[in-house]
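Thanks for making the time this morning. I would like to walk through one complex with you, chain by chain, and then finish with the side on which the chains touch.

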Amino acid sequence: MTTHSQKNVWRSVGSFFNNGLSSLSNFTIDSMDVVFGALQRVVGLRGMPYIFVLPNLLIFGIFIVFPMLLNFGYAFTSGIEFYPDQRPWTGTTNFEQLLDCTNYFDPNTCREDIFWRAVFNTATYVIFQVGIMVVISLITALLLNRKIRGRGFFRSIFFYPVLLSPIVVALIWKWILQENGLLNGIITGFGYDKIPFLVDATWARFWVIIISVWAFMGFYTLILLAGLQAIPSDLYEAADIDGANAWQAFYGITLPLLMPSLIVVLMLSLIRAVQIFDLVFAFTGGGPGTATLYLVQYIYGKGFSSPSKQFGLAASASLLMAGVLVVLTLVQLLFRKEEKA
Amino acid sequence: MSSIWEFLTRTRGKNKLHVTDMITYLYMGLSVIILFGPVLWLVLSSFKTSAEVVKFPPRLLPYRQENMEVEGYEEPLPLYNVTLEDGSVVQLAQVRRIGLEGQMVDPSNPEEIIKVHIDDREPVEKVVFSLDNFREGVESFNFARYLRNSVVVTVTATILTLIVNSMAAFALAKYEFKGRNAIFLIMIGTLMIPLSVVLVPVFLVITNVGWNNNLLGVIIPGAATPTGVILLRQYMLTIPDELIAAARIDGASEWRIYSQVIIPLSRPALAVLAIFSVMWRWNDFLWPLVVLSRSEMFTLQVGLNSFQGELNVQWHLILAMTVLTLLPITIVFAFLQRNITTGIATTGMK
């Protein structure tokens with residue numbers, strides 16, 4: 001009895017909210033229709049698409065395209081002034097300062113040595129992080145695609161760290177890896193000495209890679225899993241009948257059919273890895289020394305946190321980085337075209 | 001070797017538990033420990049006292065030393081199990097410690113001071129999940145305020161993103177107009193250009209508009225995401241044009257077509273964009289860090305980072321505040337995990 005009447009109560013509460021919401025949204029739609037109807041009478045049917053793209057274009061133009069153009073203004077001027085009209089034009093001096101090296105493979109011989117350290121740090125980070133993450137994501141996706149119990153649960157577990165903010169991820173791991181942390185506790189428990197994970201340059205770089213794989217791999221696993229599930233299972237049955245072994249089935253069916261998803265994963269993770277910032281900023285702050293200083297932090301430091309703000313250097317460095325990103329995007333588009341053709 | 005490949009490649013269908021199944025379960029079990037263990041460790045640690053937090057080697061559970069009110073002493077005294085010279089163990093309360101010697105009293109006989117070498121005593125402890133760290137933490141970490149800012153940013157930015165992007169996607173998918181291809185090309189070209197690349201000039205624009213330390217400065221710039229427009233456009237292309245033509249014949253205005261034909265049919269794509277937008281906005285750090293400098297405007301992420309900067313060594317408070325910060329998104333995920341993972345898996349954000 002009680003459950004029945006309770007159900008009714010909930011239903012009426014629900015319908016109250018539903019009705020409220022739908023009448024609210026109807027009201028919004030109707031009142032917007034008055035505005036847009038008037039607009040349509042003025043600009044006509046052919047003018048309406050412009051009205052629809054306008055809000056997006058305004059925001060996009062003011063906050064993305066216009067700043068991108070302004071960035072060139074900053075890159076070709078110098079000084080500490082923030083407003084572009086007060087900055088003296090200096091041509092390519094900023095780029096010359098960034099690119100002035102006697103030996104490009106030795107940051108010590110560069111005028112802006114920190115920039116080159118950031119470049120090399122970013123390059124090694126990108127290569128190892130993307131390589132390790134793509135391989136682990138692929139293995140995980142292949143295993144998740146098997147008929148196992150609790151698949152949904154495992155899938156969620158892999159995805160959970162993706163939702164955590166980089167700051168939270170950094171603090172969780174800093175807590176585990178600090179001198180008196182859990183990992184050193186385990187290590188000393190086995191009779192070894194403590195390892196200064198966050199103080200030693202090589203260890204710090206190592207952990208930045210591991211932690212970012214830990215935090216981001218779930219996303220790429222999901223994309224690869226979706227790609228695997230799109231492969232029709234009768235292909236495998238046919239291969240089985242033809243006497244193909246498992247390796248041949250993987251090489252002949254899985255890999256080629258998964259290729260589009262693999263390329264998406266590879267390019268997305270490359271592009272994101274180049275932009276690594278917040279995780280490391282909260283985890284090591286770029287240290288020890290400049291061991292984990294990456295490009296975006298260099299840009300942020302030059303523009304916003306160093307005592308003498310060098311907007312020109314920040315802008316030219318960001319233009320160089322944008323160049324790399326554009327090249328990566330174009331490569332990805334080319335690959336996709338080829339896939340479709 | 002071939003069996004490894006067999007287990008890596010075989011699809012579903014066989015029933016008995018094969019060696020490869022066991023390896024799979026082993027891998028999954030290990031992954032659960034590696035992926036979820038650190039979070040669990042954080043949560044367990046956040047209940048520890050400041051003394052327990054610096055203890056090495058660390059212990060799994062949050063122990064707390066027991067205290068006892070003893071007659072003649074104002075503060076409760078910490079309890080110890082003391083091994084006496086004759087080998088018997090008694091429970092004593094410590095009055096003070098001088099060098100290697102602890103001055104103890106028997107709670108039943110508080111008059112007499114017993115001197116004990118500190119190696120002969122063990123603290124009496126029990127596991128306590130106390131909220132002290134959380135209580136103390138929110139005194140300097142304005143959780144409610146940061147949470148409010150983060151929620152305001154995430155909710156308004158997501159709604160704005162959905163509306164603005166779906167309108168643009170509708171125009172790009174369902175109309176022929178001059179400049180359409182140019183707009184689309186610019187969007188694809190800037191698909192991968194993050195805000196971090198244009199940090200300095202966007203900051204100039206924000207300063208000129210007067211949005212420093214204003215949540216609008218965090219919300220608006222990222223609202224017109226090329227990713228969102230392209231995702232929605234691809235989906236809207238699959239909606240048949242005949243529906244639009246029919247609605248037009250019935251005298252529907254273009255706005256009605258957008259809001260009552262296109263939007264309801266695009267729900268799956270809108271849901272995926274909403275998930276992405278919430279993830280981006282909730283976890284966003286660099287942009288709010290640049291725009292917001294007054295602490296009362298901080299979002300949770302910026303607040304948490306500056307909190308750890310200020311209190312470099314007070315781990316017990318940092319841990320508790322980190323737990324508070326990850327709590328909201330964890331609760332949301334616990335309820336919606338199936339929708340979120342399948343939503344992202346089906347669209348794959350291409």
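**Two chains, one predicted complex**

Let me begin with chain A, for which the radius of gyration is 27 Å, where a compact globule of 341 residues would come out near 20 Å. Please keep in mind throughout that this is a predicted model, and that the predictor assigns the complex an ipTM of 0.83 together with a pTM of 0.84.

In its secondary structure, chain A holds 13 helices and 0 strands. Measured out along the principal axes, if you will forgive the loose verb, the C-alpha trace of chain A extends over about 80 × 70 × 55 Å. Of the 341 residues in chain A, 39% are buried, and among the contacts in chain A with a separation of 6 or more, 62% come from residues 24 or more positions apart.The confidence of chain A deserves a word, since the average pLDDT is 86 and 94% of the residues score at least 70. Among the elements of chain A, helix 4, residues 113–144, has the highest mean pLDDT, at 94, whereas helix 1, residues 2–43, has the lowest, at 74. As a general caution, where pLDDT is low, the predicted coordinates should not be read in detail.

Chain A is divided into domain 1, covering 2–81, and domain 2, covering 93–340. The centres of domain 1 of chain A and domain 2 of chain A, taken over C-alpha atoms, are separated by 34 Å. How many residues of domain 1 of chain A are in contact with domain 2 of chain A? There are 6 of them, and they are in contact with 10 residues of domain 2 of chain A. On the side of domain 1 of chain A that touches domain 2 of chain A, the residues divide into 3 nonpolar and 3 polar, with no charged ones.

Turning to chain B, we find a secondary structure of 15 helices and 8 strands. Chain B has a radius of gyration of 30 Å, well over the 20 Å that the globule rule gives for 350 residues, so chain B is more spread out than a compact globule. The C-alpha trace of chain B spans about 100 × 65 × 35 Å along its principal axes, and 40% of the 350 residues of chain B count as buried. For contacts in chain B with a separation of 6 or more, the share from residues 24 or more positions apart is 63%. The mean pLDDT of chain B is 84, with 93% of its residues reaching 70 or more.

Three domains are assigned in chain B, namely domain 1 (2–45), domain 2 (67–123) and domain 3 (134–347), and the centres of domain 1 of chain B and domain 3 of chain B lie 34 Å apart, again taken over C-alpha atoms.

I would like to look next at some of the strands of chain B. Strand 4 of chain B, residues 89–98, and strand 5 of chain B, residues 101–106, pair in the antiparallel sense over 5 bridges, and one of the facing pairs is B:Arg96 with its bridge partner B:Gln103 in strand 5 of chain B. The hairpin of strand 4 of chain B and strand 5 of chain B has 2 residues between the strands, and in this hairpin B:Gly99 takes a positive phi near 55°. Strand 5 of chain B is also joined by 6 bridges to strand 6 of chain B, residues 109–117, with the two running antiparallel, and here too a hairpin makes the link, through 2 residues. In this pairing B:Glu101 stands opposite B:His117 in strand 6 of chain B, while B:Met104 has B:Ile114 of strand 6 of chain B as its bridge partner.

Two further places in chain B are worth pausing over. Why is helix 9 of chain B, residues 226–236, described as largely enclosed by the rest of the structure? The reason is that 9 of its 11 residues are buried, and among the buried residues of helix 9 of chain B are B:Val229, B:Ile230, B:Leu231 and B:Leu232, as well as B:Arg233. The other place is B:Asn213, in the loop between helix 7 (199–209) and helix 8 (215–219) of chain B. B:Asn213 has a positive phi of about 60° although it is not a glycine, and B:Asn213 is partly exposed, with 16 other C-beta atoms within 10 Å.

Finally, we come to the side on which the chains touch, where 89 residues of chain B are in contact with 90 residues of chain A. On the chain B side that touches chain A, the residues divide into 58 nonpolar, 23 polar and 8 charged.

Terms used. Residues numbered from 1 in each chain as written. Chains lettered and ligands numbered in written order. Predicted model: local features only at pLDDT ≥ 70, side-chain atom pairs only at ≥ 80, totals over all residues. Contact = placed C-beta atoms within 7 Å. Nonpolar A, V, L, I, M, F, W, Y, C, P; charged D, E, K, R; others polar. pLDDT = per-residue confidence, 0-100. Helix = DSSP H or I, 4+ residues; strand = E, 2+ residues; numbered from the N terminus. Pairing = 2+ DSSP bridges. Domains from an automatic or database assignment. Buried ≥ 20, exposed ≤ 12 C-beta atoms within 10 Å, placed from the backbone. Rg over C-alpha atoms; globule rule 2.2 N^0.38 Å.
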